[in-house]
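User: Please take a close look at one aromatic residue and its surroundings. I would like the geometry, the burial and the cut-offs behind each term.

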Amino acid sequence: MSEETTIRDEKFEWAIYVDATLAGLAILIPIPLLDLFFEWIFKRRMPQAIAKRNGRTLSPETVRQLNRSQLSCLGCLLWPLELVWLLLKRTYRTILYFLTVKEATDKLSYYWHRAYLLDKMMERDDLATEEEAALAAQALHQVLESVTTSPLTQLAKEVVANVRHILRSSWRWLRRKQEDEMMAKTRSQMATAWRDLSGYFEQVAAQYEARLEQLQIAHVQEKLVIADAAADVLSPTNPPDI
């Protein structure tokens, strides 16, 4: 292994991005609903796996906050219909493969952003308490929703174009954490490209930090309002008669 390759590998932490990569590529599994299942598994693994890489352990509530979906109560009620629609859509996209490739590219970029921000949250110690974790998770979700196109999109397209037998690769990683030829090639491809993305990731981190600060200020202000309201209720409005 050359010195140049060693330097690149130190900048790119595959352990942080492997679950994100497999979650993003899961849509390429050519079996409707099984692709959703593997995406769900790898998405839920990300917080604890990244925490472990940073020498931390997250509470179940913190993991729940980080993994929560954006579904409303109405969305929960409509979930059976949503499931049928997803099944039809995935079946249709299996036929029109180019649509699947487009969605895989978008998902891969999304999960890479998520993995980066989860690692940044651990580094900043934003998940120290459940109250802090709730705000950090909210900032995470909002930043991810705001990301559309990015320099990661082109890399995602290149990775997706080289993927073969993703179901077999995902299953081997889940069972034995065994990396096959496709995963090794993807890791090398990402490690080579990552060195040119540091400036962009700094922008993403700044966006997250700014959003988190806004949420923290709003949270403090809300607590002060509640405290003042409670004090008004407990304090007498009129002086007692003598």
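Analyst: Tryptophan 194 has a relative accessible area of 8%, so it is buried (buried means under 20% relative accessible area, exposed over 50%, partly exposed in between, with a 1.4 Å probe and protein chains only). The model is predicted: local features need pLDDT of at least 70, side-chain atom pairs count only at pLDDT 80 or more, and totals for chains, interfaces and linings use all residues. Residues are numbered from 1 along each chain as its sequence is written, and side-chain values use heavy atoms, with hydrogens and water left out.

A search of the whole structure gives 12 aromatic pairs (rings of Phe, Tyr and Trp, the last by its six-membered ring, pair if their centres lie within 6.5 Å; planes under 30 degrees apart count as stacked, over 60 as edge-to-face and the rest as tilted). The rings of phenylalanine 12 and tryptophan 194 have centres 5.1 Å apart and planes at 65 degrees, so this pair is edge-to-face. It joins distant parts of the chain, 182 residues apart: phenylalanine 12 sits in the loop between α1 (3-11) and α2, and tryptophan 194 in helix α11 (residues 181-194). Helices (H or I, at least four residues) and strands (E, at least two) are DSSP runs, numbered from the N terminus. Phenylalanine 12 is also buried, at a relative accessible area of 4%. Both residues belong to one aromatic cluster with Trp14, Tyr17, Trp112, Tyr116, Tyr200 and Phe201.

As for α11 itself, its 14 residues should span 20 Å at 1.5 Å a residue, and its end C-alpha atoms are 20 Å apart, which agrees; the expected span is 1.5 Å times one less than the number of residues. Besides Trp194, the buried residues of α11 are Met182, Met183, Thr186, Gln189, Met190 and Ala191. At the N-terminal end of α11, aspartate 180 acts as a cap, with a side-chain oxygen 3.3 Å from the backbone nitrogen of methionine 182.

On the other side of the loop that holds phenylalanine 12, 11 of the 12 residues of α2 are buried, so this helix is largely enclosed by the rest of the structure. Trp14 and Tyr17 are among those buried residues.

Trp194 also matters to the count of core contacts: Tyr17, Trp112 and Trp194 touch the most other members of the largest nonpolar core, which has 61 residues (a set of buried Ala, Val, Leu, Ile, Met, Phe, Trp, Tyr and Cys residues joined through side-chain atoms within 4.5 Å). Helix α7 (residues 97-124) supplies the largest share of this core, 10 residues.

Terms used. Polar contact = N/O pair within 3.5 Å; in protein donor to acceptor, adjacent residues only side chain to side chain.
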